[in-house]
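Trainee: I'd like a close look at a single part of this one: the aromatic rings, and what sits against them. Take me through it slowly, please.

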Amino acid sequence: MPYTNLDDFLTRAAARLTPPMDEMTLQDTGDLDFLTPEEVAIIRPAAVLIGIIPRKSGATALLTVRPTTMASHPGQVAFPGGKVDPIDVDEVAAALREAEEEVGVVPEDVEVIGKAAPYVTGTRFRITPVLGVLPADFVPVPDPTEVADVFETPLEFLMNTANHTMGHATYKGKKREYYEMPHNGYRIWGVTAGIIRRLYQTLYEGGD
């Protein structure tokens with residue numbers, strides 16, 4: 001069953017994602033096949049916030065564009081987030097802290113729904129997506145050193161497989177496929193699109 005409305009989306013999320021305080025129950029996805037056993041052994045934890053904003057015109061997801069000066073994934077579309085630091089209690093805390101630093105999200109204003117399936121990247125990060133609802137009147141306050149741009153994409157668009165197209169590339173000497181979800185001049189692809197696709201599968205196809 002495809003996306004119908006925000007209430008149904010959040011009901012599914014509460015039932016099928018891992019509760020915020022629980023140990024992860026969903027299976028890792030991503031680029032594990034591109035990592036050697038030695039690389040897998042030194043995977044670093046990271047987290048991102050899938051911030052849902054219940055706008056009057058329809059629910060949106062908050063996304064950013066990384067500065068071209070970033071060492072990792074420069075210029076790409078991403079959810080607010082980053083590495084789990086020693087000061088973070090867990091991945092949820094890391095996602096909220098990073099979202100506050102990058103785009104001005106107030107952690108106390110976020111209704112955290114759950115944790116989606118972790119995405120392992122070819123750069124050896126295990127990214128835990130944290131799904132949370134932001135205030136309907138949220139106004140981003142971006143830090144220009146952290147993000148080059150902030151935008152919103154309709155949740156209805158992202159949760160529609162008709163908008164999930166496949167791209168092809170060679171990575172670490174292997175052919176690979178990746179998802180793309182271009183919208184309104186922004187190229188949502190790679191890790192971010194992979195996280196979105198996996199979220200769709202978990203909520204609307206049963207997932208794990």
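Mentor: Okay, we'll set the scene and then go from ring to ring.

Bear in mind that this is a predicted model: local features need pLDDT of at least 70, side-chain atom pairs count only at pLDDT 80 or more, and totals for chains, interfaces and linings use all residues. Numbering runs from 1 along each chain as its sequence is written, and side-chain values use heavy atoms, with hydrogens and water left out.

First, the backdrop. The chain has five helices and eleven strands (DSSP runs numbered from the N terminus: H or I of at least four residues for a helix, E of at least two for a strand). Its C-alpha trace spans about 45 × 40 × 35 Å along the principal axes. Of the 208 residues, 48% count as buried, with buried meaning under 20% relative accessible area, exposed over 50% and partly exposed in between (1.4 Å probe, protein chains only).

Now the rings. There are four aromatic pairs, where Phe, Tyr and Trp (its six-membered ring) pair if the centres lie within 6.5 Å, and planes under 30 degrees apart are called stacked, over 60 edge-to-face and the rest tilted. Take Phe151 and Tyr186: their ring centres are 3.6 Å apart and the planes meet at 5°, so this pair is stacked. Phe151 belongs to strand β9 (residues 149-154), while Tyr186 comes from the loop between β11 (174-180) and α5, so the contact ties together parts that are 35 residues apart in sequence. The two partners sit differently, too: Phe151 is buried, at 7% relative accessible area, whereas Tyr186 is partly exposed, at 22%.

Another stacked pair is Tyr200 with Tyr204, at 5.3 Å centre to centre and 25° between the planes. What separates these two along the chain? They are four residues apart in helix α5, which puts about one helical turn between them. Both of these tyrosines are buried.

Rings can also have a charge over them, and the rule here is that NZ of Lys or CZ of Arg is within 6 Å of the ring centre and within 35 degrees of the ring normal. Arg44 does this with Phe125, lying over the ring face at 4.1 Å from the centre. Arg187 does it with Trp189, its charged end being 4.0 Å from the centre of the ring.

So if you're clicking through the model, try Phe151 with Tyr186, then Tyr200 with Tyr204, then the arginines over Phe125 and Trp189.
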